[in-house]
Amino acid sequence: VALPTLGAKLVEPTRRSVAESQAIVLMDRIAQAEKAYLEAKVRDIDGDGVFDYADLPTLLAWDGLKVPIEMSPEHLDHYRYQLEVVASGTGRPRFTCVVEPLVRRGLKGRAFSTNELGQRRFTIDGARPTAQSPEL
């Protein structure tokens, strides 16, 4: 016996949870690739002798990339990925990867972030996660 109203209500959260899971996996892969990039000592942005992280286009084009980062059009249709890099001239190199949902049909999703310390945070309203946001 089919329950159309119950089924319709369950479809959207299931799609959303799958999309969120994929976004988190991709965010974690970007973080792993950043760590490998830094360890490979590829570039020193400010010339201070301390190597730095890569911005997203540089990271995706890096020929030493060992972690598969596939940003399919379907994936990019649901989330925006931002990679913010701070050069070591500020003390130590840092990065923050932020994954924000693209609003569809008035529905907001959860946003996620991670950094070079492995701190993973989220918000339930799609706002950018901060240091005070809950841990993922």
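This report describes the layout, the nonpolar core, a hairpin and one pocket of a predicted protein model.

**Overall layout**

The protein contains 3 helices and 4 strands. Read from the N terminus, the order of these elements is α-α-α-β-β-β-β. The chain has 136 residues, of which 34% are buried. The protein exposes about 8200 Å², and carbon and sulfur atoms supply 55% of that area. Of the contacts between residues at least 6 apart in sequence, 44% join residues at least 24 apart.

The elements named in this report are listed below.

| Element | Residues |
|---|---|
| Helix H1 | 4–39 |
| Helix H2 | 56–61 |
| Strand S1 | 79–86 |
| Strand S2 | 94–101 |
| Strand S3 | 111–115 |
| Strand S4 | 120–123 |

**The nonpolar core**

In soluble globular proteins, nonpolar side chains tend to be buried together. In this model, the largest nonpolar core holds 23 residues. The residues with the most contacts inside this core are Ile-30, Leu-59, Tyr-79, Tyr-81, Leu-83, Val-99 and Phe-112. Two or more core residues come from each of helix H1, helix H2, strand S1 and strand S2. H1 provides the largest share of this core, with 9 residues.

Which residues does Leu-59 touch, leaving aside those up to four places away in sequence? They are Ile-30, Ala-33, Glu-34, Tyr-37, Ala-54, Leu-65 and Leu-83. Two of these, Ile-30 and Leu-83, are also among the core residues with the most contacts inside it.

**The hairpin of S3 and S4**

Strands S3 and S4 pair in the antiparallel sense, over 4 bridges. One of the residues involved is Thr-114, whose bridge partner in S4 is Arg-120. The two strands form a hairpin, with 4 residues between them. In the turn, Gly-118 has a positive phi of about 80°.

**The second largest pocket**

The second largest pocket encloses about 190 Å³ of space. Its lining is made up of Thr-96, Val-98, Ser-113, Thr-114, Asn-115, Gln-119, Arg-121, Arg-128, Pro-129, Thr-130 and Ala-131. Strands S2 and S3 each supply at least two residues of this lining. S3 gives the most, with 3 residues.

The hairpin and the pocket share a residue: Thr-114, bridged to Arg-120 in S4, is also part of the pocket lining.

Methods
Residues are numbered from 1 along each chain as its sequence is written. This is a predicted model: local features need pLDDT of at least 70, side-chain atom pairs count only at pLDDT 80 or more; totals for chains, interfaces and linings use all residues. Side-chain values use heavy atoms; hydrogens and water are left out. Two strands pair if DSSP finds at least two bridges between them. Buried means under 20% relative accessible area, exposed over 50%, partly exposed in between (1.4 Å probe, protein chains only). Contact means heavy atoms within 4.5 Å. Accessible areas come from the Shrake-Rupley method with a 1.4 Å probe; for residues, only the protein chains shown count as cover. A nonpolar core is a set of buried Ala, Val, Leu, Ile, Met, Phe, Trp, Tyr and Cys residues joined through side-chain atoms within 4.5 Å. On a 1 Å grid over the protein atoms alone, a cavity is a set of points where a 1.4 Å probe fits but cannot get out, and a pocket is an open set with protein on both sides within 12 Å along at least five of seven lines; lining residues have an atom within 4 Å of a point. Grid points are joined across faces, edges and corners, and a volume is the space filled by probe spheres set on the points.
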